[in-house]
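Me: I am new to this structure and would like a close look at one part of it, the charged side-chain pairs. Please take me through them slowly, and then show me what else can be said about the surroundings.

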Amino acid sequence: MNENICAISTALGIGAISIVRCSGPDVIAIVDRIFSGKNLNEVPSHTIHYGYIVDNGEKIDEVLVSVMRAPKTFTKEDIVEINCHGGITTTNKVLEILLLNGCRLADPGEFTKKAFLNGRIDLVEAESINDLIESETEESRKYAMNRLEGNLSQLIVKDRQKILELQAKLEVNYDYPEYDAPDMTHELVRSELSEIKRDLSDLLKNAQNGRLLKNGIDVALVGRPNVGKSSILNHLLDENRAIVTDVAGTTRDIIEGKISISGIHINLIDTAGIRKTDDVVEKIGVDKSLEVLKNADLIIYVLSNNDELTAEDITQLTAIKNVKKIVFINKCDLEDKIDLDKLDGEIIVRGNTVSPEGLDPLKAKIAELFNFSEIKSKNYNYLSNAREISLVRQAVQAIDSALTGVEEEIPLEMISVDIKSAFDSLGDILGVTYKDELLDELFSKFCLGK
Amino acid sequence: MQYDIIVVGGGHAGCEAANASARQGFKTALITANIKNIADMPCNPSIGGTAKGIVVREIDALGGLMGRVADISHIQIKMLNSGKGPAVKSLRAQGDKVLYPQNMLKALKENETLDIIEDMIEDICVENDTVTGVITKNGKRYDCKCLILTTGTYLKSKILIGSTNKEEGPHGEESCKFLSDKLRSLGFEIQRLKTGTPQRIDPNTVDFSKLKEECGDPTPWTFSFDLDPCYDVNNQRKCYLVYTNAETHRIIRENLTKSAMYGGYAEGIGPRYCPSIEDKIVRFADKEKHQLFLEPESNFYPDLYLQGFSTSMPIDVQEKMVHSLEGLENAKILKYAYAIEYDAINPMQLQPSLETKLIKNLFTAGQINGTSGYEEAAGQGIIAGINAGRKLKDEEPLILHRNEAYIGVLIDDLVTKGTKEPYRLLTSRAEYRLLLRHDNADLRLRKYGYESGLINDEQYQRLKKKEEDIASLENELESTTINYNDFSNNIQQIIGEVSDNTGYNLKYLLKRPEIKINDLKNYLKHTYSDEIYNIVEISIKYEGYIAKTYKEVEKLLKLESKKIPKDIDYSKIKNLASEARQKLALVRPQTIAQATRISGVNPVDISILSIYLKKEYSKDVADE
């Protein structure tokens with residue numbers, strides 16, 4: 001009961017704000033560790049604080065954090081709620097960081113369960129809560145069953161089996177030292193572990209693609225005012241979502257819309273035109289744009305074919321030098337005034353929003369950049385949620401720790417602790433708990449006995 | 001005759017149970033069908049082995065007899081896994097099958113309140129679901145307040161060789177024919193188990209020049225924490241390695257249907273970890289040879305035990321099989337291999353104290369509970385003996401947790417998961433094995449032996465002194481810092497470049513893989529025994545790994561502290577999966593932790609159970 005749990009508490013989807021809720025005895029300290037702002041350990045109860053969630057010094061999201069201390073909370077434990085602003089990808093990332101910092105992902109209905117067990121909810125409600133937990137768990141059981149048939153599960157099952165086989169080879173050495181089973185040396189363990197680590201690392205690398213597949217690709221439209229960003233958006237969405245005028249600086253808020261290219265979701269984000277401004281409202285929009293740039297999966301930097309390249313463009317492009325981006329030269333139906341020589345090394349696509357096919361080259365480029373055909377063909381092989389990513393990462397960490405032990409030639413039964421931990425993490429992904437698999441493996445693979 | 005506690009059966013479980021009972025001051029009777037077979041070793045001559053050797057140390061720590069008797073009754077002893085880490089090391093001795101029973105009987109007789117009676121028990125008296133006594137084959141009655149059954153393989157035992165079988169126990173002893181029926185009528189589930197033993201060979205007919213020798217360790221060892229080694233390391237008996245070959249395998253394959261097991265003459269279930277040679281050939285068909293050992297059984301008679309060759313083939317096939325082995329071409333078989341079947345109860349019908357759930361004051365220990373092995377039996381025996389005594393004293397039973405002892409792992413596995421084959425301990429079964437080491441059994445358990453009256457003041461003071469020495473050495477290492485220039489060349493080389501002018505802390509240095517505590521002894525003010533150096537070195541060198549294990553233990557203990565009331569009615573809990581409901585009702589776990597270990601009980605079922613407990617028993621269930 002006194003574990004620290006966390007979960008995304010708002011509906012998954014495109015909302016301006018998502019809330020990550022944490023409950024448990026150490027959640028204030030845990031969130032404080034990843035929060036840049038006031039020291040949350042010292043703030044009064046039931047207060048809200050502005051700041052950033054940071055991971056290894058990198059700002060992940062701009063957030064509002066509500067701190068509520070026990071006992072006057074929903075669960076009667078300390079609760080911290082993090083209001084995230086960066087879209088679902090960022091929120092998932094925040095959740096991931098919490099999991100790595102000592103929170104456990106809440107089971108379905110677990111906040112309610114805590115509330116109940118801690119006496120926050122009337123006993124009369126017990127039955128309905130019980131039913132709730134049962135039904136939610138039933139869903140998650142079904143979900144787990146479905147996933148078991150997926151390719152991702154096959155991969156995890158395969159790697160977990162490899163670990164199990166390695167464990168059995170080690171255990172037989174410990175328990176039957178006088179039998180003629182092959183001796184597991186540190187070198188053999190190292191090579192087997194390295195192979196498993198490679199597999200799992202590949203999974204993690206693909207995890208990014210998995211998220212893209214599930215949540216879509218966040219594409220931000222950026223550029224000086226009036227280069228036609230909102231027109232591009234509207235053209236793509238084929239509807240008037242953004243207010244389009246010819247007055248520079250009209251768009252002051254982020255407008256999101258979803259389109260599909262070759263079956264992959266694209267979340268389009270129009271940003272306030274980036275320029276120096278004294279207008280307070282517009283300034284907020286500009287700041288917001290800069291924030292969005294950092295979190296987007298792709299930036300489309302829009303330039304007008306009809307204007308010359310400005311010093312401001314160069315500055316902006318330099319600022320986002322290391323971000324995945326396409327420079328889109330809009331208004332190619334108009335006269336060429338732009339000098340493309342200065343855009344050396346950038347991916348440049350030309351087009352317009354006047355003709356129906358004017359944006360096709362842009363769509364094709366996006367599909368090419370993210371290798372859509374490959375993503376789709378691999379489909380379920382990707383880890384797609386924060387919990388899975390966090391568990392695979394834990395498994396990799398455990399294997400790393402085992403490898404360090406191997407380097408130092410620590411006795412193998414010590415290293416077995418880390419190997420077992422990796423095995424358990426993968427088991428958690430599949431929802432299986434360790435019972436007697438190891439012994440079954442041991443006795444089926446080795447001939448032992450008096 | 002009226003006794004406080006009666007123990008039925010004089011095997012390894014019975015000896016420890018009777019001793020533990022008598023040491024607590026109870027008037028105790030050990031009733032055995034044949035006094036000559038007290039502490040008999042009908043199978044392998046070895047005591048100890050991986051995990052099992054640690055059990056022997058645990059029994060000694062608790063005040064039992066097996067370790068101290070083995071120390072004065074063996075013909076060879078060695079430390080297994082000596083080249084591996086500290087958590088998998090354990091002692092294995094070749095016991096002398098004549099000396100060991102003699103010395104055990106002597107040790108038992110030191111108990112003034114213990115009577116050893118020769119008789120065959122065939123009935124149990126029960127009134128109001130409470131045991132009140134036993135009745136012998138000839139109708140004589142003995143009364144008791146607590147009864148401990150340690151009947152070994154003798155319940156309806158049947159010896160199988162090929163298609164022939166005899167209703168008898170090991171060595172042609174009389175089997176116990178009616179007791180298991182009585183148990184069944186009392187509501188116990190009876191299962192049929194099987195084990196086997198290989199041939200005994202005449203050493204004068206073996207060509208030892210063709211066999212590889214296996215010797216005892218040159219360093220002296222004892223199981224017991226209280227004894228010094230009292231044997232000559234240079235005068236230990238040797239064991240020999242033997243291998244099967246293609247010819248052996250051909251003979252076995254061609255005669256497979258003649259074997260009791262494969263011919264369908266046996267009904268019992270044999271252990272996977274101790275398969276017959278025909279099992280090995282069938283299941284591991286592509287293995288070209290299997291390893292066997294020839295081991296001496298005693299200094300008082302010649303027989304060599306052919307470990308690894310147990311079989312239920314008829315004797316003419318056994319002759320061919322043995323003669324196909326290199327070095328044994330002309331070997332004379334003194335005793336043929338046989339399989340033995342016997343009745344056992346379902347251990348899930350036991351409480352963790354080893355008292356049965358059905359009949360009050362009735363305890364069972366050893367093979368009757370489905371285990372195999374002398375050490376497993378003895379480990380249960382001492383716990384049953386202690387707990388029968390505690391029951392009579394109206395005290396809480398001694399229940400060792402999985403993080404405290406292999407004996408705890410063993411009993412928890414039995415009562416929680418049951419067993420379908422004779423159960424053997426393995427280090428792999430212990431999830432906290434880094435804590436359950438050979439070196440620290442007394443530190444873990446001696447306090448319980450002392451509380452129970454099995455460990456005397458002198459032994460306890462020795463433990464206290466050991467604990468003080470450990471703390472003192474740890475402190476000294478932690479508080480000693482030595483300058484680079486003051487170290488020997490050897491250590492300087494290991495340290496390499498001087499990175500730190502403030503000196504090197506010894507505890508920190510000891511964490512380096514290349515540095516051993518022996519390298520640092522000279523820099524300490526005090527000297528300690530090798531045992532102390534060893535324990536402290538382990539705890540410092542592997543601190544990180546041990547800490548990880550403790551973290552896991554913490555999770556366990558939290559769940560162990562959540563008790564499940566004895567009167568819980570699982571049929572009243574809505575939403576439990578039906579398999580979980582059945583298993584919970586059968587096992588009746590005492591804590592949530594135990595419930596999580598039952599196969600077929602899933603995390604969801606555990607949360608439903610927790611909520612039910614909270615709701616129905618919110619006043620008396622300690623949640624945190």
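Reply: A good place to begin is a pair in chain A, where the side chains of A:Arg190 and A:Glu187 meet in a salt bridge with 2.8 Å from N to O; a salt bridge here is a side-chain nitrogen of Lys or Arg within 4 Å of a carboxyl oxygen of Asp or Glu. This is a predicted model, in which local features need pLDDT of at least 70 and side-chain atom pairs count only at pLDDT 80 or more, while totals for chains, interfaces and linings use all residues. Residues are numbered from 1 along each chain as its sequence is written, chains are lettered from A and ligands numbered from 1 in the order in which they are written, and side-chain values use heavy atoms, with hydrogens and water left out.

A:Arg190 and A:Glu187 are three residues apart in helix H6 of chain A, so about one helical turn separates them; helices (H or I, at least four residues) and strands (E, at least two) are DSSP runs, numbered from the N terminus. An α-helix has 3.6 residues a turn, so residues three or four places apart point the same way. A:Arg190 is partly exposed, with a relative accessible area of 28%, and A:Glu187 is also partly exposed, at 46%, where buried means under 20% relative accessible area, exposed over 50% and partly exposed in between (1.4 Å probe, protein chains only).

A salt bridge can also join two chains, as A:Asp418 and B:Lys548 show, with 2.5 Å from N to O. A:Asp418 lies in helix H13 (residues 412-430) of chain A and B:Lys548 in helix H17 (residues 543-560) of chain B, so this pair joins two chains. A:Asp418 is buried, with a relative accessible area of 3%, whereas B:Lys548 counts as partly exposed at 33% relative accessibility. Within chain B, salt bridges that share partners join B:Arg402, B:Asp412, B:Asp413, B:Lys417, B:Glu431, B:Glu560 and B:Arg597 into one network.

Returning to chain A, A:Asp199 forms a salt bridge with A:Lys162, the closest N and O atoms being 2.7 Å apart. This pair links distant parts of the chain, with A:Asp199 in helix H6 (residues 186-215) and A:Lys162 in helix H5 (residues 151-175), 37 residues apart. Over all chains, the count comes to 63 salt bridges by this rule.

Some charged residues are grouped in another way: A:Asp307, A:Glu308, A:Asp339, A:Asp341 and A:Asp344 form a negative surface patch. Patches are made of residues with over 30% relative accessible area and no salt bridge, like charges being joined within 9 Å and nonpolar side chains (Val, Leu, Ile, Met, Phe, Trp, Tyr) within 5 Å. Within this patch, A:Asp339 is in the loop between strand E12 (325-330) and strand E13 (348-350) of chain A, and A:Asp339 is partly exposed, with a relative accessible area of 36%.

A nonpolar surface patch of about 310 Å² is made by A:Ile48, A:Tyr50 and A:Leu64, and A:Tyr50 is placed in strand E4 (residues 47-55) of chain A.

Away from these patches, seven of the nine residues of helix H7 (residues 229-237) of chain A are buried, so helix H7 is largely enclosed by the rest of the structure. The buried residues of this helix include A:Ile232, A:Leu233 and A:Leu236. In chain B, B:Leu509 is placed in helix H14 (residues 506-510) and is buried, with a relative accessible area of 0%.

Conventions. Accessible areas come from the Shrake-Rupley method with a 1.4 Å probe; for residues, only the protein chains shown count as cover. Lys and Arg count as positive and Asp and Glu as negative; His and the chain ends are not counted. The place of a charge is taken as NZ of Lys, CZ of Arg, CG of Asp or CD of Glu.
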